[in-house]
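User: Could you take a close look at one part of this model for me? I'd like to hear about the charged pairs, and then about what sits around them.

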Amino acid sequence: MRDRINVALKAAQDEGDKRRCATLRLVQTAVKDREAAARENGKDGVGEAEVIDILQKMIRQRETSAVEFESGGQLDLAEQERTEQEIIREFLPVQLSDEEMRTICKDMVREIDARGLRDIGRCMSALKSRYPGQMDFVQASCLVKDMLRTDGNGKAESDTPDAAKE
């Protein structure tokens with residue numbers, strides 16, 4: 001992924017695309033900063049999953065900024081933030097659709113035989129290992145939690161006879 005970012009930066013420089021150059025330099029700096037911090041803590045650097053995490057964080061930051069700029073009437077700055085988001089998003093794995101994510105979460109709950117809210121951690125751990133960077137894990141966590149709160153028929157977990165015994 002770092003090679004793709006470097007190649008994209010070089011191409012942007014050749015094309016004279018200042019916004020793209022600036023954004024890609026910010027990405028490179030964020031990765032280098034995280035690598036430096038990892039080395040200070042005795043690690044070898046950052047892996048692909050951590051680079052994906054950095055990119056996702058940068059996208060969330062830009063979304064927050066864009067919303068703030070829009071509410072403040074600074075539409076040009078909001079558009080700039082959204083443009084940067086799209087540039088960064090190019091380097092992330094293809095994101096699963098909401099329907100695909102819902103199906104995967106449902107299958108995961110079934111596969112690990114999750115029975116209640118206490119199993120959210122196991123579900124999320126399995127999802128993160130199988131689908132790194134391909135879904136919004138905050139949203140996935142909410143889906144899993146909702147699935148585990150109900151028994152599939154819309155009944156709340158506390159409505160089941162087993163929950164009443166606890």
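Analyst: Here's a walk through the salt bridges, followed by the nonpolar cores and a couple of single residues.

Keep in mind that this is a predicted model. The structure holds 13 salt bridges, and a good place to start is helix 5, which covers residues 98-111. Arg110 and Asp107 pair up there through their side chains, with 3.3 Å from N to O. The two are 3 residues apart in that helix, about one turn. How open are they to the outside, buried or exposed? Arg110 has a relative accessible area of 55%, so it counts as exposed. Asp107 comes in at 37% and is therefore partly exposed; the cut-off for exposed is over 50%.

Next up is Glu111, which makes a salt bridge with Arg130, and here the closest N and O atoms are 2.4 Å apart. Glu111 lies in helix 5 while Arg130 belongs to helix 6 (residues 120-130), so this pair ties together parts that are 19 residues apart in sequence. Both ends have some accessible area: Glu111 is partly exposed at 48% relative accessible area, and Arg130 is partly exposed at 42%.

There's also the pair of Asp113 and Arg115, whose side chains meet in a salt bridge at 3.1 Å, N to O. Asp113 is partly exposed, with a relative accessible area of 41%, whereas Arg115 counts as exposed at 57%. Elsewhere, Arg19, Arg62 and Glu84 are joined into one network by salt bridges that share partners. As for the background, side chains of opposite charge can pair when their charged atoms come close.

Glu84 from that network turns up again around Thr23. Thr23 lies in helix 2 and, at 0% relative accessibility, counts as buried. That follows because buried means under 20% relative accessible area. If you skip its neighbours within four places in sequence, Thr23 is in contact with Glu84, Ile87 and Ile88.

Now for the nonpolar side of things. The largest nonpolar core has 21 residues, and Met1, Leu24, Leu55 and Phe91 are those with the most contacts inside it. Helix 1 (2-15), helix 2, helix 3 and helix 4 (75-89) each supply at least two residues of this core. Which helix gives the largest share of this core? That's helix 3, with 6 residues.

Phe91 is worth a stop of its own. Leaving out neighbours within four places in sequence, Phe91 touches Met1, Arg4, Ile5, Ala8, Arg20, Leu24 and Leu55. That list includes Met1, Leu24 and Leu55, which are named along with Phe91 as having the most contacts inside the largest core. A second core of 19 residues is separate, and includes Met108, Met135, Phe137 and Met147.

One last residue, this time in a loop. Gly47 is placed between helix 2 (18-40) and helix 3 (48-71). With a relative accessible area of 33%, Gly47 is partly exposed. If you want a distance to check in your viewer, Gly47 and Gln85 are 22 Å apart, C-alpha to C-alpha, with their positions 38 residues apart in sequence number.

Methods:
Residues numbered from 1 in each chain as written. Predicted model: local features only at pLDDT ≥ 70, side-chain atom pairs only at ≥ 80, totals over all residues. Heavy atoms only, no water. Helix = DSSP H or I, 4+ residues; strand = E, 2+ residues; numbered from the N terminus. Buried < 20%, exposed > 50% of the residue type's maximum accessible area, 1.4 Å probe, protein only. Salt bridge = Lys/Arg side-chain N within 4 Å of Asp/Glu carboxyl O. Core = buried A, V, L, I, M, F, W, Y, C linked by side-chain atoms within 4.5 Å. Contact = heavy atoms within 4.5 Å.
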